[in-house]
Amino acid sequence: MSTTVSEFLFQRLSLWGVKRIYGFPGDGINGLMGALQRAGDRFKLVRTSHEEMAAFMACAHAKFTGEVGVCMATSGPGAIHLLNGLYDAKMDHQPVVAIVGQQSRKAIGGSYQQEVDLISLFKDVAHEYVHMVSDPAQVRHLVDRAFRIAKAERTVTCIILPNDVQDLDAVETPPRAHGTVHSGYAYSEPRVVPTDVDLQKAAAILNEGKKVAMLVGAGALQASAEVLEVAELLGAGIAKALLGKAVVPDDLPFVTGSIGLLGTKPSWDLMMDCDTLLMVGSSFPYSEFLPREGKARGVQIDLDPKMLGIRYPMELNLTGDSTETLRALIPLLRRKEDRAWRKEIADHIEEWWELMEARAMQPANPINPQRVFRELSPRLPDNAILSSDSGSSANWYARDIKIRPGMMASLSGNLATMCPGVPYAIAAKFAYPERVPVAMVGDGAMQMLGNNGLLTIAHYWKEWSDPRLVVLVLNNGDLNQVTWEMRVMEGNPKFEASQEVCDFAYARYAEMLGLQGIRVDTPDAIAPAWDAAFKADRPVVVEVVTDPDVPPLPPHITLEQAAKYTSTLFKGDPDEGGIIHQSFTELVAKFLPHRKRS
Ligand SMILES: Cc1ncc(C[n+]2csc(CCOP(=O)(O)OP(=O)(O)O)c2C)c(N)n1
Ligand SMILES: [Mg+2]
C-alpha cells in the first residue's frame, strides 16, 4: 500500500525528533488524525480540551525541554483558537510548529464552510514561515523548513494542509527535475561567540567598573554557573527578568531577585546605584528600571543581534550565546578586591527579605496572598516546575518564591497573557512525569481557561508515574491586578462591572473531576494545605480565599502614582475601607523600627 501525505508528514516529524503533539480534531485534519492513529506509539497525542491550550502546551514544551513544540488544529475555528498560545511562543522566542487543516483545494476561494484565509491569518505570528501544501511533493521541504526555521529563528512556523491533500499519495522524494526542491532534516546548534577583540573590550569595561550590576533573562537559563562565576569575579549583584527567574537561586546574598513593576527594591537600588551594567540574554522591556542614560557603562550579550541595544544605549553590544560568551570572558576578568559594593547589595537584600516576611505576615481579610507564597516557597519539592499566570499571582511568584537550583519556572513574559498557568503545568508534567509542576493562577484566569485545563488533567493524570500536579487558585473575586493598575496608574476607583469575578467552587469542582480539592480560608490552614498537596496521590487544586485589598505595589511608588492612588480613595472606591487598612499595614511593614532604609 502506498503512503499517504499525512503518513509521510508524520514520518518526517519523527525524523525531526517529535514524540508528542498537542492538538484537537476537526474535519480539516481528519486525514492527519487517521495517520496519527496508524503511527501508533511513535507519537503521543495529547488531546487538549481547547486549542488555545494546545498552543500554550507546545510553547511550554519548548520552554521546558529546549525542543520544538508541536500543536495541531483543524481549519477555521481550530486554527483561530491556537493564536494566543502561538503569540505567547513567538514573543518569548520559543520554537513551535503549528500544523493546521484547511478546506479542500477545490473549495478554496468559494466562501466555503469554515474557510478562513489561513495564510493571512498566520502571516504575523508565523511570519518567518507559513505555507500551504498544494502539491504532495512540497510536504518534505515544508516540514524540513518549518522545523529548521523554528529552531534557527527561535520562533513560530506554520504548515497548512488542505484536507483533500492529506489523503493523496505521498511524494517522498520529489522528481529530479527543474522546479522541485530537495531538502534534508537535522539541525545542529551553531557556536556563537563574539570576536576576541570585542571580548577584550567587554572585559576592559567590566574590569574598570566599581559597582557592576548584572541583569539576566531567559537567554541565560543554560548559563547559571557562568553567570555566578562572572558575578563572583566582578563583585556584582544579579537582578533577574521574570523569564530568567531560574537562572540563579534566590537565597544568595548578591541575588536581588526580580526587576520591574513586579520586582524588588534591591533590584531597583542595584540599577540606580551601579556604574556598569552587564545584561545577558534579556529583553526586559522597562527602561525606567535600568540605570539613567549615561549613568552607567553598558555591555549586552544576546544570541539575537536584533535584541541588542534596544533598552539601554550600551557601550558594547555582543552577539553571542550566553554560556559560550561568558566562558570566553571569564579568563579576561580580574577579581575585584574591593567588596564594599557587594556588602551594600547584601545589606539591601537582607532588609528586603525581612520586609517581605513582615508584609506576608500582615493580617488580611481573610488571607494575605503573600503569605500563601511565603509558605509555599520552602515546601516546594526539589526540581519543581513552576508556572505563573498573568495577574496578581505573578507579583507574589516574582517576589516571594525563592527559587532553588534544579527548578524550572516560566510564565508568559512578553505577551503577558492570562491563561498559560495550567497548560504550562500540564506540558511540564508530560515532559517530566517524575517532577511536580505547580501552577499559580487567579480566579479570573481559572474561569477563562484554567477550569477547562482541569478537564485535560482529569483525563490524563492516571497515566503519570508520579501523579502530583498542583494548581493554586487565588480566589479573590476580582481581576485584581487590573483593579490595582486602574487605581495606581489611572486614579480610577474599582469599576465593579468590569472587575468582579463571580464565585465558583474551584476545590469542589476539582473533587467532582476526581482530583483532590483543598479550600483554604484561614491563614493557619495554608501550611497544612501545602503539605497535603505535595503528599497527594493525584493532582490537587488548592483554592485559597485571598484578600483583593492587598496591593501588588511596584517596588517603589512614584509621587505621581501615589497622588493618583490617594485621590482614588476619595472617589468612592467600593473597597475603600479594606484598602486603607491594608495600605496602612504595608506602610508599617515598610518602616519597621529597626530598618535603616525604606
Ligand atoms: C487574555 C488577557 N486578557 C486580559 C488581560 C489583562 N489582565 C492582566 S491581569 C488581569 C486580571 C487577572 O485576574 P485574575 O486571573 O483573577 O488574577 P488576579 O489579578 O485577581 O490575582 C487582566 C484582566 C491579559 N493580560 N490577558
Ligand atoms: Mg482574581
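Author: A residue counts as buried here when its relative accessible area is under 20%, as exposed when that area is over 50%, and as partly exposed in between. The model is predicted.

Reader: In strand β6, which residues are buried on the side opposite Val156, Cys158, Ile160 and Pro162?

Author: In a regular strand the side chains alternate between the two faces of the sheet. Strand β6 spans residues 156–162, and seven of its seven residues are buried. Both faces of β6 are covered, and the residues on the side other than that of Val156 are Thr157, Ile159 and Leu161.

Reader: How many bridges join strand β4 to β6?

Author: Strand β4 covers residues 96–102 and runs parallel to β6. One pairing is that of Ile99 in β4, whose bridge partner in β6 is Ile159. The number of bridges joining β4 to β6 is seven.

Reader: Is the β-α-β crossover from β5 to β6 right-handed or left-handed?

Author: Strand β5 (residues 130–132) is parallel to β6 and is joined to that strand by three bridges. Val130 stands opposite Cys158 of β6. Between β5 and β6 the chain passes through helix α6 (residues 139–153), and the crossover is right-handed.

Reader: Which strands are at the edge of the open sheet of six strands?

Author: The strands of this sheet pair in parallel, in the order β9-β8-β7-β10-β11-β12. An edge strand pairs on one side only, and this applies to β9 (255–258) and β12 (316–319).

Reader: By what angle are neighbouring strands of this sheet turned against each other on average?

Author: Take β11 and β12 as one neighbouring pair in the order of the sheet. Strand β11 (residues 297–302) runs parallel to β12 and is joined to that strand by four bridges, and Val299 stands opposite Leu316 of β12. With direction ignored, the average turn between neighbouring strands of the sheet is 15°.

Reader: Arg297 and Glu208 meet in a salt bridge; how many residues apart in sequence are the parts that the pair ties together?

Author: The N to O distance between the two side chains is 2.6 Å, inside the 4 Å cut-off for a salt bridge. Arg297 counts as partly exposed, at 31% relative accessibility. Since Arg297 lies in strand β11 and Glu208 in helix α8 (residues 196–208), the separation of the parts tied together, in residues, is 89.

Reader: Is Arg342 buried or exposed?

Author: The side chain of Arg342 meets that of Glu232 in a salt bridge of 3.3 Å, N to O. This pair links helix α12 with helix α9, 110 residues apart. Its partner Glu232 is partly exposed at 33% relative accessibility. With a relative accessible area of 12%, under the cut-off of 20%, Arg342 is buried.

Reader: Which residues are linked with Glu232 in a network of salt bridges?

Author: Glu232 also forms a salt bridge with Arg335, whose closest N and O atoms are 3.7 Å apart. Arg335 is partly exposed at 41% relative accessibility. It lies in the loop between α11 (322–329) and α12 (340–361), while Glu232 is in helix α9 (residues 224–234), so this pair ties together parts 103 residues apart in sequence. The residues linked with Glu232 in the network are Arg335, Glu337, Arg339 and Arg342.

Reader: Which residues coordinate the magnesium ion (ligand 2)?

Author: The donor residues follow the sequence spacing D-x32-N-x1-D. Asp443 lies in helix α16 (residues 443–460) and Asp478 in the loop between β16 (470–475) and α17 (480–490), so these two tie together parts that are 35 residues apart in sequence. Both Asp443 and Asp478 are buried. Coordination is at 2.0 to 2.2 Å, by Asp443 (OD), Asn476 (OD1) and Asp478 (O).

Reader: Leaving aside its neighbours within four places in sequence, with which residues is Gly421 in contact?

Author: Gly421 is in helix α15 (residues 421–431), a helix that is mostly covered, with 10 of its 11 residues buried. Among these buried residues are Gly421, Tyr424 and Lys429. The relative accessible area of Gly421 is 0%. Outside the neighbours within four places, the contacts of Gly421 are Ser387, Ser388, Asp389, Ala439 and Val441.

Methods
Residues numbered from 1 in each chain as written. Chains lettered and ligands numbered in written order. Predicted model: local features only at pLDDT ≥ 70, side-chain atom pairs only at ≥ 80, totals over all residues. Heavy atoms only, no water. Donors = N, O, S within 2.8 Å, 3.2 Å for Na, K, Ca; no water. Buried < 20%, exposed > 50% of the residue type's maximum accessible area, 1.4 Å probe, protein only. Contact = heavy atoms within 4.5 Å. Pairing = 2+ DSSP bridges. Axes fitted to C-alpha atoms, helices over the stretch in contact; angles between N-to-C directions. Right-handed = clockwise from strand over helix to strand, strands pointing away.
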